[in-house]
Amino acid sequence: MISLNRFAGSVSALLKGLGVTLNYIVHPKRVVTREYPENRETLTFPERFRGQVVMPHDENNDHNCTACTLCEKACPNGSISILTTKNIASKRVLGQFVYRLSSCTLCNLCIEACPFDAIRMGHGFEMAGYTREELDLILNKKEGR
Amino acid sequence: MTPLSITHPLGDWIRQQLPSPFAAIANGLIAVIAIAMLVVVTAIFLVWLERKVCARFQARLGPTRVGPFGLLQPVADAIKLLMKENIRPRTVDQLAYFLAPLLPITGSFLVLIVIPFDHNLQVLDPDAGIVYVTAVSGMGILGVLIGGWGSNNKYSLLGSMRAGAQLFSYELSMVLCMLLIVMASGTASLRNIVLSQQGTILDWWIFKLPVAGLVAFLLFIVSSTAELNRGPLDLSEAEQELTGGFHTEYTGISFSMFFLAEFVNMFAAAGLGATLFLGGFLAPQIGWHPVDQLLAFIPGFIWFAAKAYFLIFLYMWTRWTFPRLRIDHLLSLEWKFLLPASLANLLLAATLVLFKWVIP
Ligand code: SF4
Ligand code: SF4
């Protein structure tokens with residue numbers, strides 16, 4: 001026998017669930033669907049939207065990457081290759097940050113691995129190209145620091 | 001007040017034009033075609049409605065691309081289903097396999113025949129309408145069982161056996177709820193049940209029998225949800241566990257027959273619920289004359305549709321809110337809770353009717 005107390009609890013839980021869904025249906029504002037090609041101009045992204053990986057640059061066109069290759073090791077798909085070079089002080093610096101968008105799953109692991117906040121998930125998402133080579137990107141704008 | 005009707009003049013006109021046996025056949029044909037049209041239109045509309053309502057419950061938009069508000073989406077789906085190859089697996093039992101999809105839709109078609117849509121809009125009104133409804137709605141179960149057996153597939157068989165167990169069990173409390181209304185109204189003809197609820201809203205059986213009516217209504221909703229094989233009680237499909245249950249092996253048009261029947265069945269069950277508990281085609285009268293007259297001016301079939309669609313909304317609301325039950329929970333819900341509850345409720349209602357403790 002189920003106790004009356006438990007029965008009342010279950011019924012109130014069911015009603016609560018119904019209330020949640022009813023709340024959704026009577027508030028059209030809560031619809032999260034975006035009708036993409038039409039709203040292309042006004043599209044906004046949530047902060048944590050994960051588009052393709054980007055490397056932020058400051059006003060001097062500098063980036064934070066130290067070529068530590070942690071991101072390269074973290075990437076499960078081998079989408080990142082850090083090509084290093086030496087600067088005039090013979091210090092090892094970033095030559096090219098090669099990012100192969102074609103094999104990236106936008107998993108965020110490289111961003112988590114980076115100790116210097118040098119890369120982050122951008123909001124770019126229209127990634128189609130005619131050749132695979134178009135999707136091999138160099139993220140840094142200039143060599144070294 | 002003589003109710004507005006277009007069907008009478010049409011029937012009379014045909015009777016004038018044709019000699020008697022042909023007139024009866026012609027009238028019958030018209031009725032059958034009308035119901036068939038209703039089946040198709042309802043099924044297509046309900047598919048759209050289900051997708052829209054489900055989407056809005058989940059904070060989505062649902063179909064928006066094909067036609068205005070996505071209204072033509074089910075039409076496109078239907079065309080797709082019709083164009084698909086109707087695959088017949090080699091080991092199926094041919095007769096059973098192809099017979100099964102026809103049965104559920106036939107069952108719901110036959111139920112729709114006795115539903116009173118308006119004062120004069122009912123194909124047939126047998127005296128034992130309720131008995132007829134319970135008899136022919138069993139056809140859907142038969143279709144599911146035969147389909148699952150004939151498919152010769154373990155998932156289909158498991159799904160159909162579950163469906164059989166579930167549908168037979170829930171049929172009991174559903175029939176008990178109907179029995180309660182038959183007892184209260186003193187008739188088993190659906191039309192007379194509606195007419196027994198004339199008066200204000202409080203004369204509908206859901207309110208007229210204090211407590212018992214409301215409880216019976218809730219029990220009816222739960223058991224008919226199970227009867228309709230809809231979530232949260234859609235154990236026979238349970239696509240996550242059974243890859244679709246009894247219709248695993250079906251494709252193309254055979255599958256769409258099952259699919260169609262599901263939606264028409266929902267409409268039939270909602271219509272039945274509206275007829276039994278919500279006063280069917282009667283306008284809701286609140287007892288204040290000017291408003292009542294205005295409400296009575298709206299034709300009955302619109303009231304019927306409004307009530308039926310209200311119930312359909314309830315079905316959809318519960319389906320898209322609650323998670324699916326497990327099969328043993330489902331059966332113990334019926335046998336340990338719903339059945340005793342509906343028996344007790346029947347007893348309560350009998351007492352109320354006996355001592356005339358109904359809301360006047
Ligand atoms: S997001 Fe994931 S897959 Fe893409 S580059 Fe970073 S680690 Fe590799
Ligand atoms: S992006 Fe970050 S993790 Fe990757 S090499 Fe540069 S500093 Fe290291």
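**Exercise 1.** State how much area is buried between chain A and chain B, and which atoms give most of it.

*Solution.*
Step 1. In this predicted model, about 1400 Å² is buried between chain A and chain B. Buried area is the accessible area (1.4 Å probe) that two parts lose on being put together, summed over both.
Step 2. Carbon and sulfur atoms give 71% of that area.
Step 3. On the side of chain A, Leu18(A), Thr21(A) and Ile25(A) supply 36% of the area that this chain buries against chain B, more than any other three residues.
Step 4. In terms of contact (heavy atoms within 4.5 Å), 17 residues of chain A meet 15 residues of chain B.

Conventions: residues are numbered from 1 along each chain as its sequence is written, while chains are lettered from A and ligands numbered from 1 in the order in which they are written. Because the model is predicted, local features need pLDDT of at least 70 and side-chain atom pairs count only at pLDDT 80 or more, while totals for chains, interfaces and linings use all residues; side-chain values use heavy atoms, with hydrogens and water left out.

**Exercise 2.** Count the salt bridges and polar contacts across the interface of chain A and chain B.

*Solution.*
Step 1. A salt bridge requires a side-chain nitrogen of Lys or Arg within 4 Å of a carboxyl oxygen of Asp or Glu. The rule finds two across this interface.
Step 2. Arg65(B) and Glu35(A) form a salt bridge through their side chains, at 3.4 Å from N to O.
Step 3. A polar contact is a pair of N or O atoms within 3.5 Å; within protein, one must be able to donate a hydrogen and the other to accept it, and residues adjacent in sequence count only if both atoms are side-chain atoms. Eight residue pairs, both at pLDDT 80 or more, are found in polar contact across the interface.
Step 4. The side of chain A that touches chain B has 10 nonpolar, four polar and three charged residues. Here Ala, Val, Leu, Ile, Met, Phe, Trp, Tyr, Cys and Pro count as nonpolar, Asp, Glu, Lys and Arg as charged, and the others, Gly among them, as polar.

**Exercise 3.** Describe how domain 1 of chain B and domain 2 of chain B meet.

*Solution.*
Step 1. The domain assignment (automatic or from a database) gives domain 1 (8-83) and domain 2 (94-354) of chain B. Their centres, taken over C-alpha atoms, are 20 Å apart.
Step 2. The two domains of chain B bury about 2000 Å² between them, 85% of it on carbon and sulfur atoms. In domain 1 of chain B, Glu50(B), Phe57(B) and Leu81(B) lose the most area to domain 2, together 29% of what that side buries.
Step 3. The count between these domains is one salt bridge. Arg319(B) and Glu50(B) meet in a salt bridge at 3.9 Å, N to O.

**Exercise 4.** Which residues come nearest to ligand 1 and to ligand 2?

*Solution.*
Step 1. A residue is near a molecule if one of its heavy atoms lies within 4 Å of it. Of the 13 residues around ligand 1, Cys75(A), Asn77(A), Cys104(A), Cys107(A) and Cys110(A) come nearest.
Step 2. The shell around ligand 1 holds nine nonpolar, four polar and no charged residues.
Step 3. Around ligand 2 there are 14 residues, of which Cys65(A), Cys68(A), Thr69(A), Cys71(A) and Cys114(A) come nearest.
Step 4. The shell of ligand 2 divides into 12 nonpolar, two polar and no charged residues.
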